[in-house]
Amino acid sequence: MKHTLLVTTLCAGVLACSTATAAAFQHQAGLSLSDNNSYSVSFSPFYAYYFNPVEDSHGPLEMAIFLNQASSVSVRFKQTDYPSSSRYSEDYDWRFYGDFVFDNGLNIGVGLNKSYTNYSAANSIALDVSTPSIDLGYYLDQYRYINFGLSQMESSEDQKMDTFSVSGIYMVPLEQGEFIKFNADFEINDHIRSYWDSKAIDLEMTYYPQHDLGFSAGFAHELFDEQNNSSTYSFGSKYFFNASLYASLNMSMTMQGSENWSNKQTLQVGARF
């Protein structure tokens, strides 16, 4: 309830301030609230700092950071609460990331994920996970980008998983300021226990009918070596009340095996300043 109240309050603030004047920004902050099939609820505030002012005079407002090829540092926290009938009581996740873009279009990203999961019974740490990552990307031009990533997960239960990924972004300008954006991501997960080995592909298309509005649809499929595969269908929309304040709503449906379905809804509100 307290998470819902906070999101509702921030949404009201966004609507009340929607007449603000547009300007370049160097900060971005916000929060999201996710409900996973009424089984768990996640609350996630985030903040990013951009080393140079980010202009938003060209293209969709959502893509201003990409179009400016902006370097940044960011931090995100996520808390996930489970019902009393669950084996776990809550998860805590921290994400630290530095994204550095050079004049020649080369992009290097360095990140660290830390997560802690607590048991319900004794409120003791059940799992402590660290995942450092590195990304090497390149802007082919203003609208095209490719990235190669590598991460290694290690847990307190001596579990390890290496992940290699390749991803790309392609924006297509249309008439009268419209854009279409394509995202594609492919990854290979190599777990110390082969039961969790998998390959995954994630595809998304976003249509921007105007600079302050976008509609997205996505499909992801994960192919496991020794267990049921999973498929996820997602739909979303993001709207900027002005150049600074925005809100988005995303819905996804995941099926693992033939009968195991789950739904997830995520509301996010944020500000640039």
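The legends below describe an overall view and two close-up views of a predicted model.

**Figure 1. Overall view of the predicted protein model.** The protein contains 2 helices and 14 strands. Of its 273 residues, 37% are buried. Among the contacts in the protein with a separation of 6 or more, 47% are accounted for by residues 24 or more positions apart. The accessible surface of the protein amounts to about 14,900 Å²; carbon and sulfur atoms contribute 58% of this surface.

**Figure 2. Close-up of Q69 in the loop between α2 and β3.** The loop that holds Q69 lies between helix α2 (64-67) and strand β3 (72-81). Most residues other than glycine have a negative phi. Q69, although not a glycine, has a positive phi of about 50°. The relative accessible area of Q69 is 26%, a value between the limits of 20% and 50%, and Q69 is therefore classed as partly exposed.

**Figure 3. Close-up of Q176 in the loop between β8 and β9.** Strands β8 (160-173) and β9 (179-191) flank the loop in which Q176 is found. The phi of Q176 is positive, at about 55°, and this residue is likewise not a glycine. Q176 has a relative accessible area of 78%; because this value is over 50%, Q176 is classed as exposed.

**Figure 4. Q69 and Q176 shown in separate panels.** In the panel for Q69, the residue with a positive phi of about 50° is partly exposed. In the panel for Q176, the residue with a positive phi of about 55° is exposed.

Technical notes:
Residues are numbered from 1 along each chain as its sequence is written. This is a predicted model: local features need pLDDT of at least 70, side-chain atom pairs count only at pLDDT 80 or more; totals for chains, interfaces and linings use all residues. Side-chain values use heavy atoms; hydrogens and water are left out. Helices (H or I, at least four residues) and strands (E, at least two) are DSSP runs, numbered from the N terminus. Buried means under 20% relative accessible area, exposed over 50%, partly exposed in between (1.4 Å probe, protein chains only). Contact means heavy atoms within 4.5 Å. Accessible areas come from the Shrake-Rupley method with a 1.4 Å probe; for residues, only the protein chains shown count as cover.
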